[in-house]
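This report walks through selected features of one protein model, for a reader who has the sequence and coordinates at hand.

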Amino acid sequence: MSTEPETTEETGPGTPEMPEAQGAPGTPGAPDEAAGGASEGAEGGVGEEMAESAEGGGPAEAAEAAEAAEAAEAAEAAEAAEAAADGAGKPELSEAAAELAAQRVERERIERRRAERDGPVESGAKLSGKAADLLAAVRAVEAGGKPASTVFAAPSRPAPERTPEPGPAATAAAPVRPAPEPEPEPVRQERPAPAPTPAGPSPRTVDAVRRVLAEGGAPEALGQQAAVALGEGAGELLRADPWQLLRVPGVRPEQADGFARALLGAECGPQDERRGRAVTVWLLEQAALAGHTALEAPALTAALAQRGVPDPEEAVRSTLAEGEALMFEDALEEPGAPAAQPADDEEEEAERPVRVLIALERYAMAEESLADGLARLINSPSQDGEETWVQVVAALSGGAAELARAVAGHGLVLHTGGDASRAEPAALLGAARDAGLRALAVCHTADGRDRLAALPPTRGAGVGTVAGLLAGTEGPGRDGDGALELDLLIVPDAPQLDVESAAMLVESLPDGARLVLGGDPALLWSAGPGRVFADLLAARACPQIASRLPDPGPIGELVSGIGIGELNQVEAPGKEVVIVPVRDAGEAVHRTVQLVADSVPRAFGVPVEGTVVITPGHGGAAGTRALNAALKERLNPGPGRFGGFDPGDRIAYSPAPGRTLPGTVVRGDAEGLHLSCAGAPVVVPRERVEAWVRHGWALTAHQAVGGRWPAAVVVLPGDAAQALSRPWVYTAFGRGERHLSVVQGAEGALPRAVAEIPAKARTTRLATLLRPQSAMD
């Protein structure tokens with residue numbers, strides 16, 4: 001590891017000042033990065049005002065709400081989605097469009113509720129005061145900012161206690177498998193198509209909403225967004241319950257209160273039960289953006305009290321009674337939990353301590369559906385083809401053979417290890433296909449797919465992406481029951497699966513199929529809600545195979561140490577790892593531009609497009625916005641005549657929650673912005689460019705997870721200290737294959753994060769739901 005000397009080169013373009021951190025007074029914790037979306041979908045990020053937008057899992061990935069409602073970029077909630085791919089002829093339905101359609105069908109069956117979509121926001125010029133603030137907040141989330149609240153970025157876990165049941169416990173309906181695809185066919189190449197524009201509500205509905213918004217002093221430009229969120233009859237609904245405005249991503253409770261006061265006058269008050277229900281649902285949605293699938297009742301009522309709800313328990317009871325949330329009582333059997341207390345009546349069963357959880361139906365249904373599907377796979381491995389599996393095992397050696405033996409006898413197997421360990425599931429895939437099994441591996445990103453396909457055992461066949469498989473643009477066909485025609489499915493990037501995507505994957509597998517979930521448990525979790533892979537590892541309901549293949553070279557050695565909480569100095573004779581100290585954010589931006597444009601290409605022969613810049617958040621003086629502005633000025637200057645973009649600009653394309661697809665701008669015209677993403681042409685409609693496309697020289701760690709580049713420049717400004725954690729550093733430092741430069745302005749915050757700050761806790765139910773399987777195992 002070396003330290004690059006400072007230079008006297010002139011400083012680059014100026015950068016904006018760091019906005020103040022967001023969050024309500026008295027709110028515990030700091031936002032994760034996200035999307036859907038917020039700091040980074042689910043990782044911690046640098047906070048900033050809602051109108052300017054910052055992310056943090058989150059959740060991110062996270063648009064969050066666009067990056068985690070993009071995701072979980074409430075912490076950066078989630079960000080992103082993958083683009084459509086190559087082909088000739090007339091455009092067909094794109095991958096993004098097909099994926100959204102598939103998700104809609106599955107959610108209707110699992111959740112029995114309508115999917116909510118974002119719509120375009122108009123300019124909002126000439127607005128001022130409250131209306132301008134409200135529009136700015138919504139535009140921030142639509143463009144990838146995180147929600148204002150940080151209530152659930154780092155939720156406390158109160159001592160278990162029995163509380164009065166606020167409402168009847170709900171039970172989950174068994175999900176139905178998706179309808180069959182028209183014809184089975186082999187792995188298909190993605191086909192080019194315009195990016196989809198979600199079908200919006202009727203003009204009549206939008207006009208009605210705009211009239212109500214105008215009466216309440218809110219910008220009429222939010223009419224489309226509100227109509228999409230609330231559906232037909234949105235105008236009447238808003239007039240009857242103004243706090244339903246909180247359903248629009250980016251709107252905060254204080255803004256909804258102002259809108260309600262303008263409409264209701266003296267009738268409006270904090271004690272209004274409509275406000276209590278709306279704020280309860282809003283808090284649960286913010287928690288989902290931060291990666292939680294549920295909240296403990298004490299944490300929820302405490303947050304309601306912070307938001308000025310006079311009777312939080314009654315607000316929760318009312319929300320449950322209206323069916324807007326579900327309640328669960330989960331027995332506590334975690335290490336250190338109090339033992340069961342004997343009942344007064346000796347004949348009665350001893351009481352067990354429980355935790356009361358409140359969840360939105362959407363995520364409760366997905367989590368229960370996932371648990372049911374996993375139990376089905378665990379308990380019904382196919383006994384057919386035993387000789388075939390003997391042949392598969394015999395064809396392999398070492399860790400791959402150990403993995404194959406586990407898969408031969410079990411329906412679900414977990415495989416852990418670093419990037420080098422992907423060679424073992426790749427070998428399993430190749431041997432299974434050689435033996436005549438219908439086998440497929442799907443990755444989180446197109447880059448991950450291409451790197452897996454490049455490994456010799458696969459010979460480039462039988463690989464795809466999770467999004468492509470769910471959308472039907474990649475992978476096999478489906479049988480008469482709607483199940484994928486597969487004997488073996490391998491997911492090498494399982495830590496990036498959110499609970500909804502995981503549920504759709506598992507429910508699509510036929511009885512008797514085998515599922516291998518693999519990945520590096522030290523990486524950042526999914527941008528969307530849940531911690532599927534971590535919960536499965538904790539549940540111990542199936543075999544777990546740990547790879548012994550180490551990641552090579554100085555970068556691999558450095559990252560391996562970070563994974564166990566040690567930031568070690570490593571020998572880097574070829575300058576594979578370089579530390580670049582900086583004094584402030586302005587110098588950090590300048591040195592980053594210098595590294596990408598000059599130093600790395602000259603010293604390592606890595607072209608500019610082979611280097612990725614990673615920073616903790618979107619906002620701030622050294623966030624993605626400031627870095628991308630400086631990099632564009634140096635690498636591809638231009639007037640930004642196509643919505644701020646010029647041909648040749650590197651971009652991050654994010655039309656759906658939880659995924660980001662890097663690409664470049666080809667051109668812009670009346671049809672929209674033409675991109676090339678993973679070799680596939682994509683056309684983004686003009687009205688969606690602001691929400692779906694960002695400059696992409698610099699990314700957040702949640703945007704970059706799942707991909708690797710020849711070189712990585714990780715920027716750690718001094719104001720990023722609160723955003724750093726061990727998973728964040730591990731993920732960011734591991735994105736470079738040949739070279740890593742660390743622009744270090746965080747000083748002691750970096751080693752402290754590695755040694756002391758683990759992944760932020762997420763409240764989920766999956767491990768509890770799988771407990772019966774653990775007992776059987």
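## Helix 19

Which side-chain oxygen reaches the backbone nitrogen of Gly 586 at the start of helix 19? In this predicted model, the oxygen belongs to Asp 584, whose side chain comes to within 3.2 Å of that nitrogen.

Helix 19 itself spans residues 585-604 and bends by about 50° at Leu 595. Because 15 of its 20 residues are buried, helix 19 is largely enclosed by the rest of the structure. The residue that follows helix 19 is Gly 605, which has a positive phi, near 70°.

## Nonpolar cores

The largest nonpolar core is made up of 83 residues, and Ile 358, Leu 489, Leu 515 and Leu 517 are those with the most contacts inside it. The element that gives the most to this core is helix 7 (residues 273-289), with 8 residues. Apart from this core lies another one, of 32 residues, which includes Ile 555, Ala 572, Val 714 and Ala 732.

For Leu 489, once neighbours within four places in sequence are left aside, the contacts are with Leu 440, Val 442, Leu 469, Leu 505, Leu 509, Arg 514, Leu 515 and Val 516. Leu 515 thus appears among the contacts of Leu 489, and is also listed with the residues that have the most contacts inside the core.

## Surroundings of Phe 733

Phe 733 is placed in helix 23 (residues 726-733). With a relative accessible area of 2%, Phe 733 is buried, because the cut-off for that class is under 20%. Leaving aside neighbours within four places in sequence, Phe 733 is in contact with Ile 555, Leu 558, Val 559, Ile 562, Leu 567, Val 714, Leu 716, Leu 740, Val 742 and Leu 750. Of these contacts, Ile 555 and Val 714 are also named among the residues of the 32-residue core. Along the chain, Phe 733 and Val 713 are 20 residues apart, and their C-alpha atoms are separated by 8.5 Å.

## Aromatic side chains

The structure holds 0 aromatic pairs. There is, however, a charged group placed over an aromatic ring: the charged end of Arg 765 sits over the ring of Phe 328, at 3.8 Å from its centre.

Phe 642 is found in the loop between helix 20 (624-635) and strand 16 (650-653), and is partly exposed, with a relative accessible area of 23%. Not counting residues up to four places away in sequence, Phe 642 touches Pro 647, Gly 668, Asp 669 and Leu 673. Phe 642 and Gly 668 are 26 residues apart in sequence, yet 5.7 Å apart in space, C-alpha to C-alpha.

## Loop residues with positive phi

Arg 540 is not a glycine, although its phi is positive, at about 50°. This arginine, Arg 540, lies in the loop between helix 17 (532-539) and strand 13 (544-546), and is exposed, with a relative accessible area of 57%.

Lys 575 likewise has a positive phi, of about 55°, without being a glycine. The loop that holds Lys 575 runs between helix 18 (553-563) and strand 14 (577-581), and Lys 575 is partly exposed, with a relative accessible area of 46%.

## Pro 203

Pro 203 lies in helix 3 (residues 203-215), and counts as exposed because its relative accessibility is 61%, where the cut-off for exposed is over 50%. Pro 203 and Gly 223, which are 20 residues apart in sequence, lie 9.9 Å apart in space, C-alpha to C-alpha.

Definitions and conventions
Residues are numbered from 1 along each chain as its sequence is written. This is a predicted model: local features need pLDDT of at least 70, side-chain atom pairs count only at pLDDT 80 or more; totals for chains, interfaces and linings use all residues. Side-chain values use heavy atoms; hydrogens and water are left out. Helices (H or I, at least four residues) and strands (E, at least two) are DSSP runs, numbered from the N terminus. Buried means under 20% relative accessible area, exposed over 50%, partly exposed in between (1.4 Å probe, protein chains only). A nonpolar core is a set of buried Ala, Val, Leu, Ile, Met, Phe, Trp, Tyr and Cys residues joined through side-chain atoms within 4.5 Å. Contact means heavy atoms within 4.5 Å. Rings of Phe, Tyr and Trp (its six-membered ring) pair if their centres lie within 6.5 Å; planes under 30 degrees apart count as stacked, over 60 as edge-to-face and the rest as tilted. A charge sits over a ring if NZ of Lys or CZ of Arg is within 6 Å of the ring centre and within 35 degrees of the ring normal. The bend at a residue is the angle between axes fitted to the seven residues ending there and the seven starting there. A polar contact is a pair of N or O atoms within 3.5 Å; within protein, one must be able to donate a hydrogen and the other to accept it, and residues adjacent in sequence count only if both atoms are side-chain atoms.
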